[in-house]
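Biologist: I am new to reading models of proteins, and I would like to learn how one goes from the picture to a careful description. Could we take it feature by feature?

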Amino acid sequence: MELLNIFIKSIFIENMIFAFFLGMCSYLAVSKKVKTSVGLGVAVIFVLGITVPINFLLNKYLLQPGALKWLHPSLADVDLSFLTFIMFIAVIASMVQLVEMFVERFAPALYASLGIFLPLIAVNCAILGGSLFMQQKGFTHLSEAFVYGLGSGIGWLLAIVFLAAIREKIAYSNVPAPLRGLGIAFIITGLMAIGFLAFMGIKI
Amino acid sequence: MASKKQREILLDPLFENNPITVQVLGICSALAVTVKLMPAVVMALSVMVVLGFSNVIISLIRNYIPMRIRIIVQLVVIASLVILVDLFLKAFAYDVSKQLSVFVGLIITNCIVMGRLEAFAMDNKPWASFLDGIGNGAGYGLILIIVAFFRELFGSGTLFNIKVIPDWFYQHGYMDNGMMLMPAMALITVGIIIWVQRSLMPGLTEKE
Amino acid sequence: MKFDRNSNIYTFIFTIILVSVVGILLASAYTFFKPFHENNIRQEKMTDLLYTIGLDKQKLAEVAKAKGLNLSYKLIEQYFEKYFVKQIALNEKGEEVEGIKAFDVDLKTEIKKPASEQVYPLFIAEKDGKTYYVIPLYGKGLWDDIWGYLALEPDLRTIAGVKFGHKGETPGLGAEITSKWFEDRFIGEKLFDEQGNFVGLDLVKNLEDKANKDDHKVDAISGSTLTCNGVEEMINERVKHYEVYFKKLKNQKNK
């Protein structure tokens, strides 16, 4: 039940884009076509689903105050939490690289469609944001972190695909010239965020 | 002191080449902190510091960085600077640092920083890189502060937590607009800023 | 001198130098800043606790100013130690647990344990000859965690003051729970009946009779029902655990 709650919450209520504006750069840059945005969205789900649990373990057994106790009792006072940012980003950058190599080697078809997006993802705020929020929420189980990562990714995918679909249509509308492109994308995203407010407060 | 070219490097990103409204960089980490002016100002300063100094550092060592691990080296430099800023805020501006929460950390993946390192610091001298960093940080901060100004003014009726809308208004039925405090309104405010800017500078209009 | 910037050896040496420079820099910065950060956390907790027994920061600053002092961390600590005479921790049966100071209990982790394994921290303060009992609170709001402190009068049933905190409630709506006007609504409300049985509080929207302090009802903030439900749940869940201990205290007093 708790897991389902985290899942639903991370997709709809605490949506990476509509509630926290994370990953906006690639969101705005890639959302011109539905097809490419699906590709990027799937890559984000993939990477979030992998890095959030890994960073969870890293946080639990290395970074938290007193996390090194399992190595030796005398290390219980060591607090490495100040290294959080650097460790998380290192994990993300290397995981993205690793995933890229694996996909290229074992699933060339997938690589052809995902390939160009993967390197972009290392510096996507949504990925680091996912890990940082995971740390802040203080999950106790690996499964919670995994579900949270997955849910956040799906929420991101939904947001980018919706926007891309609207932008494809809006190409035929008569938008005032100064608003064309970026300006209208911002305003549409804002309106979509208002729509997503309807999910606020849902509890399962 | 500064030559004409250097002044251009510093001032260009404020309006004509603004990182948010023109280059479409670095929107990610920051709009969430525009509910109130105070955190927005602190965020803007933090980004300026990180951007300025990471540009200088990368520019200084640009001839020694192994090309293959370039991105990782850049990330390490940025992340270390962000950690320093975060530690500093926690020690001396605790209240603001609580409001910024994870968003300080997200400066690391702020596309402006990486973007400027790649595009400018990797092949320019330290002093020019520093100006470029400060200029881009300021251009970014400017938008943040404008958005935060409107959101705090209309959303809470305050600026820097000081009441500015007189009681007289409230007695005659004026109400703070709670909607301004919602994330959605930050996006729409940026949209409107872009609209205004592009109406004034028609050269920036996108062709489709 | 020209390096081969793409050779493995060069990359390797470069990495080692970079990692050690960054490591040393960050570790020393951390040791330098850490005490300030820890003091900030402690100071916040102490000012919150002092607030619940009617000593808000402004008042303290005025008192300090009259003596020609600044309200520094040291001074807040002095005030805290002056008023908060005792800190204890209880178990579920209302017995004192030895060796644990209420200040050091981290409710966030404590609250995740089963009720029988938790310790329940309690602060005892004395001001103007009256004894106050301050209970730390922790719970869930709409978006994220909420917490607070609740001070009881010497009669062990009336609220003397509360202080709430939150991590990410909606600004302008749920976030208003930390405002003075909301916290003041709790003052004088009763949590226990005359026999010392726990009754709890009910946060009701558009409450008719706001002045009635004996109906166990508090006026909620309109537009933030879910955050207020969280506050209600948090108070009722946390304070309930102290019922046994307070009853014991009452019996001792009556004897």
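**Reading an interface, a fold and two loops**

Modeller: Let us begin with a caution, which is that this is a predicted model. For the place where two chains meet, the general idea is that the size of an interface is often given as the accessible area lost when the parts come together. In this case chain B and chain A bury about 3500 Å² between them, and 84% of that area lies on carbon and sulfur atoms.

Biologist: Which elements of chain B give two or more residues to the side that touches chain A?

Modeller: They are helix 3 (70-92), helix 5 (102-105), helix 6 (111-119) and helix 9 (183-200) of chain B. Helix 9 of chain B gives the most to this side, with 12 residues.

Biologist: How many residues of each class does that side of chain B have?

Modeller: The side of chain B that touches chain A has 30 nonpolar residues, along with 10 polar and 4 charged ones. Counting by contact, 44 residues of chain B meet 39 residues of chain A.

Biologist: How many salt bridges does the rule find across the interface of chain B and chain A?

Modeller: The rule finds 0 salt bridges there, and it also finds 0 residue pairs in polar contact across the interface of chain B and chain A, where both residues must be at pLDDT 80 or more.

Biologist: Turning to chain A by itself, how many helices and strands does its secondary structure come to?

Modeller: Chain A comes to 9 helices and 0 strands, and its C-alpha trace spans about 70 × 45 × 30 Å along the principal axes. Of the 204 residues of chain A, 53% count as buried. If we take the contacts in chain A between residues at least 6 apart in sequence, 76% of them join residues at least 24 apart.

Biologist: I would also like to know how to read a backbone angle such as phi.

Modeller: The general idea is that most residues other than glycine have a negative phi. In chain C, Leu156(C) has a positive phi, near 65°, and this residue is found in the loop between strand 4 (145-152) and strand 5 (159-166) of chain C. Phi of His216(C) is positive as well, near 60°, and His216(C) has its place in the loop between strand 6 (202-204) and strand 7 (217-219) of chain C.

Biologist: Is Leu156(C) buried or exposed, and is His216(C) buried or exposed?

Modeller: The cut-off for buried is a relative accessible area under 20%. Leu156(C) is buried because its relative accessible area is 3%, and His216(C), at 17%, is therefore buried too.

Technical notes
Residues numbered from 1 in each chain as written. Chains lettered and ligands numbered in written order. Predicted model: local features only at pLDDT ≥ 70, side-chain atom pairs only at ≥ 80, totals over all residues. Heavy atoms only, no water. Contact = heavy atoms within 4.5 Å. Buried area = accessible area lost by both parts, 1.4 Å probe. Salt bridge = Lys/Arg side-chain N within 4 Å of Asp/Glu carboxyl O. Polar contact = N/O pair within 3.5 Å; in protein donor to acceptor, adjacent residues only side chain to side chain. Helix = DSSP H or I, 4+ residues; strand = E, 2+ residues; numbered from the N terminus. Nonpolar A, V, L, I, M, F, W, Y, C, P; charged D, E, K, R; others polar. Buried < 20%, exposed > 50% of the residue type's maximum accessible area, 1.4 Å probe, protein only.
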